[in-house]
Amino acid sequence: MIDFAIYLVTVAAIWSVLAISLNLQFGMTGLVNFGQILPFGIGAYAAGIGASLGYPWWVGAIAAIVFAPLCSLAVVFPTRRLSQDYWALITLAAAEIFRLTMLNTPSVAGGADGVMVPRFGSSTTALVVSLALLAVSFLVAERISRSPFGRMLRVLREDEVLASTLGRNPMRYQASVSMVAWIMGAAAGIAYGHFSGYVAPTSFTVTETFIIWTAVILGGPGRNIGVICGAIIIQVLGVSSRFVAQWVDLPSDLVANLRLALFGLLLVVMFIYRPQGLVPERREVRNAARD
Amino acid sequence: MLQVVINSVVYASEIAIIAIGVSLCYSILRFTNFAHIQLAIVGGYLAYTFASIPGLPLPVAVLLSAIATGLIAVLVDVIVFSRIRNISPEGKMIVSWGVALFIRSMVAAIYGGSAKVFDVPTEVVVMQGAVFTTLDVTVVAVTLVLMVALHAFLYRTRVGSALRALASNYDLAVTRGIPGDRLIRLMWFLSGALAAVGGSLIAMQTRLQPSLDLIILLPVFAAVTIGGISNVFGAVIGAIVLSFAQNLLVWIDFGMIFTGKPWHIPTQFRDYIAVLALLIVLLMKSSRSTGGKK
Amino acid sequence: MRNWASIALAGALAAVGLYGTAHAADPIKVGVIANLTGQDVKTSLQMTRGVELAADDINAAGGINGAPIELIIEDSEYRAQEALNAATKLYDVDKVEAAIMFGGSSLMIPVAQMAKDKGKVLVNTSSSSPKLGDFPGTLFSILPLDDIVSKGLGDMVADSGAKKAAIIVPNNAFGLGIADAAQAAFEAKGGTVVERIAYTEGQPNYRADIQVLVGKDFDAIISGGYGDDSRTVFRTVRELGINAPWYASYPTILEVEDKDWMSGKLSGVDNGGFDQGAGKAVLEKYKAKYKDDDVLAHIYYGYDALMVLAEAMKKGGTDAASIAKELPGVVATYDGATGKIVWDDRGQRIDPPLDIIVFKDGKFETTGSRN
């Protein structure tokens with residue numbers, strides 16, 4: 001039972017890091033990124049490719065952390081003038097391109113077959129690493145949130161024109177926050193790779209992106225603690241529904257489908273009755289002259 | 001080459017009917033509705049169920065399914081979407097995903113998760129070296145008829161003009177006395193019915209499966225995006241562009257042109273082409289647009 | 001503000017807690033991981049039903065030294081993360097010592113790794129990636145790794161006199177494995193492959209993929225596949241007027257779309273033995289219990305998987321280490337629904353009885369065997 005709890009907490013921690021990385025982009029800055037699974041995938045695959053080429057683990061890790069922010073710039077720069085809805089689709093497309101590339105080029109990373117990654121020594125190590133990563137991400141995100149940089153991000157989110165009139169270049173802010181968020185995502189991916197021991201394209205689909213988004217919106221975009229709660233709830237819902245399913249004495253495929261139906265239903269109900277999320281953002285008033 | 005044209009037109013028709021519904025919903029309600037594609041699947045299943053009633057001709061079954069699915073779409077709006085009109089567009093997208101998940105799982109619970117075949121007798125026609133079936137002709141014909149009807153409705157009737165006014169500027173239209181709520185219900189009914197027809201046709205061409213919506217998600221959204229997300233008939237253009245790009249690029253013998261030995265783009269890269277086409281079009285839009293983010 | 005979170009958390013913990021106390025120690029639990037939602041549900045469901053049939057038989061005969069077998073079936077949703085969740089729950093919470101799994105190699109491999117770390121046993125009934133041989137003592141396969149079967153296929157095509165072949169397989173580990181092995185064998189005997197098509201799974205339409213074959217010159221189609229996609233592919237090939245004979249690995253799991261057109265055109269090599277005594281009995285029981293005539297080979301794999309597990313448990317004990325120790329011995333003397341199972345020292349099936357199967361007059365018939 002302890003092992004199960006350790007496993008659950010580790011997974012929840014990794015997904016919380018992803019939720020925080022999305023919160024930085026969307027919750028604080030208003031960037032509708034539907035491809036946050038991409039830096040995650042970069043991290044995981046870097047770990048896998050590094051391992052398959054025989055390098056020690058930190059080579060893959062460093063490669064991912066260098067490569068991911070560069071990718072974020074490649075996505076953010078050309079698209080800065082697009083409206084939000086298109087931006088969402090572009091990021092979705094970028095993530096799909098990554099997945100399809102990995103799927104169709106077996107020489108790089110095993111293609112559909114995937115690639116093995118050396119695992120953490122024990123599940124406790126995995127737990128500690130993931131929690132440490134979560135702590136670091138949370139602290140970084142909170143620092144950003146409370147800093148003048150973070151306040152400007154929120155201004156950007158609400159009104160980009162205003163931000164420009166204040167003499168700040170929106171592009172620089174968006175690029176900076178994207179780079180940080182993608183580094184976080186990549187770190188989560190590296191942790192995930194070493195935790196599950198195996199990386200394949202099936203783990204990086206649109207469904208996964210939606211799970212991260214659900215965590216952010218459920219928890220309350222803009223508040224880091226909120227999105228962590230969101231990630232935990234999603235995990236709990238998914239796992240506890242397995243137990244509920246076991247009590248019921250119906251054909252197994254019917255139960256499996258009802259379980260997923262319940263998940264969808266809860267998601268919808270949650271939104272109808274608590275649309276601002278669990279931990280809504282507090283409105284703050286600051287006097288610009290004093291900062 | 002004729003074969004490529006035929007294949008492209010057929011595939012485009014299959015995608016277009018569904019893409020139009022997505023655009024229609026977006027143009028008025030301003031969010032991307034993932035549940036729409038699942039409604040197409042529901043339409044396919046309902047048509048299948050109606051068609052198994054002895055003596056009921058297939059077109060009638062599809063018609064009944066269209067009406068039923070339209071009503072289901074309205075019901076979904078009443079129960080879910082109408083209560084969340086004021087949340088963020090991203091929130092609505094997530095909710096639509098939840099609705100899609102719920103509907104998909106219920107369909108699987110009722111009909112079983114494995115695929116079903118919708119048996120439609122077709123004949124193969126060969127013309128000038130190109131091959132197609134009578135079902136292909138039906139698909140394209142139905143799509144064309146629906147396009148024409150929809151165009152006539154939107155541009156030549158008062159109700160249609162009212163819908164277009166809502167799409168262009170919702171608040172202004174409402175202050176001018178246009179009954180927003182009622183027309184939204186009409187919009188849902190229309191897009192549900194269209195989805196049902198599209199889904200039935202796809203089901204007849206291929207198969208019925210609860211998770212088919214996830215499979216056609218990317219091409220449908222690519223088509224919608226290429227055509228301009230709130231441009232209803234743009235979705236059709238988008239479907240055509242996408243379909244041709246895919247079929248043409250896979251067919252061209254690049255090897256012969258460049259090196260003298262035959263070589264095609266391997267067909268597994270077909271999805272790539274869809275995604276790349278989407279990216280290129282979006283980037284072109286980006287460089288031409290003058291405004292900032294909305 | 002945190003109410004929802006606490007309520008949900010409390011509810012979940014209560015569910016887990018109640019569950020933990022509600023079950024007594026008597027029955028022997030065996031885990032089953034299958035994709036009951038998502039893709040390829042039918043094959044997975046049939047495997048699960050095969051396991052259920054075996055459980056019925058075993059319990060009717062007195063169980064494992066008196067204790068009944070209890071199956072705990074978990075959904076993997078055909079997603080690696082969920083497969084891992086399912087496996088963790090089974091191994092850590094339900095405390096099963098062995099699990100039977102159906103899923104692609106992208107799911108099977110991470111679960112095998114987890115089983116290895118926990119010292120548990122995993123029985124593979126579906127995946128045939130060669131990578132699965134890396135887990136001796138943990139992973140045991142009822143299915144032969146398909147480099148063996150497909151090599152036989154390549155030989156068969158060459159022996160039939162065909163000189164040029166086209167390959168059509170799904171673009172996944174299973175399809176590509178078949179393609180590689182069959183192509184190598186075919187080319188080794190002098191054949192040439194004119195075109196290799198790996199189609200993306202789950203598409204509604206494969207015209208774009210298949211149309212490259214129109215007008216090309218070849219005498220045979222080498223293939224493998226399953227489920228709905230195979231039906232769509234057959235249909236597309238038929239509609240495009242391509243009439244070359246088909247040779248497939250595991251032909252019985254293909255969905256034939258037009259039985260008249262296909263009659264006599266499709267043959268292949270498959271794991272044999274279904275027609276013999278044990279297989280026939282399983283088939284009868286399946287039809288009686290589930291009232292379903294649409295039967296795939298997977299029920300036999302599921303059935304055999306649980307049967308050998310039960311035998312091993314009877315002999316040595318119900319903990320994982322004993323099971324792992326006894327399984328190879330049990331298997332050597334077991335004549336199952338899938339014929340005689342022979343394992344190499346990695347617990348992987350080799351030397352499967354290979355049957356030659358031909359599709360004629362609406363059904364598959366075994367017309368001979370190889371090796």
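**Figure 1. The salt bridge between chain B and chain C.** Chain B and chain C share 1 salt bridge, a term that stands for a side-chain nitrogen of Lys or Arg within 4 Å of a carboxyl oxygen of Asp or Glu. The partners are Arg207(B) and Asp229(C), whose closest N and O atoms are 3.2 Å apart. Across this interface there are also 3 residue pairs in polar contact, both residues at pLDDT 80 or more. A polar contact is a pair of N or O atoms within 3.5 Å; within protein, one must be able to donate a hydrogen and the other to accept it, and residues adjacent in sequence count only if both atoms are side-chain atoms.

A word on the model: it is predicted, so local features need pLDDT of at least 70 and side-chain atom pairs count only at pLDDT 80 or more, while totals for chains, interfaces and linings use all residues. Residues are numbered from 1 along each chain as its sequence is written, chains are lettered from A and ligands numbered from 1 in the order in which they are written, and side-chain values use heavy atoms, with hydrogens and water left out.

**Figure 2. The wider interface of chain B and chain C.** Here 32 residues of chain B meet 26 residues of chain C, contact being heavy atoms within 4.5 Å. About 2,700 Å² is buried between the two chains, with 47% of it on carbon and sulfur atoms; buried area is the accessible area (1.4 Å probe) that two parts lose on being put together, summed over both.

**Figure 3. The interface of chain A and chain C.** This contact draws 44 residues from chain A and 49 residues from chain C. The buried area is about 4,200 Å², and carbon and sulfur atoms give 62% of it. Chain A and chain C are joined by 3 salt bridges. One of them pairs the side chains of Glu208(A) and Arg79(C), at 3.0 Å from N to O. The count of residue pairs in polar contact is 7, both residues at pLDDT 80 or more. Among the elements that give two or more residues to this side of chain A are α1 (2–28), α10 (206–219) and α11 (224–247). Helices (H or I, at least four residues) and strands (E, at least two) are DSSP runs, numbered from the N terminus. The most comes from α11(A), with 9 residues.

**Figure 4. A close look at Thr214(A).** Thr214(A) sits in helix α10 of chain A. Its relative accessibility is 5%, so Thr214(A) counts as buried, where buried means under 20% relative accessible area, exposed over 50% and partly exposed in between (1.4 Å probe, protein chains only). The side chain of Thr214(A) reaches the backbone oxygen of Phe210(A) at 2.6 Å. Leaving aside residues up to four places away in sequence, Thr214(A) touches Gly219(A), Ile234(A), Leu267(A) and, from chain B, Ile94(B).

**Figure 5. Chain B on its own.** Chain B has 12 helices and 2 strands, and its order along the sequence is α-α-α-α-β-β-α-α-α-α-α-α-α-α. Its C-alpha atoms fill a box of roughly 65 × 60 × 35 Å along the principal axes. Of its 294 residues, 59% count as buried. Among contacts in chain B with a separation of 6 or more, 71% come from residues 24 or more positions apart.
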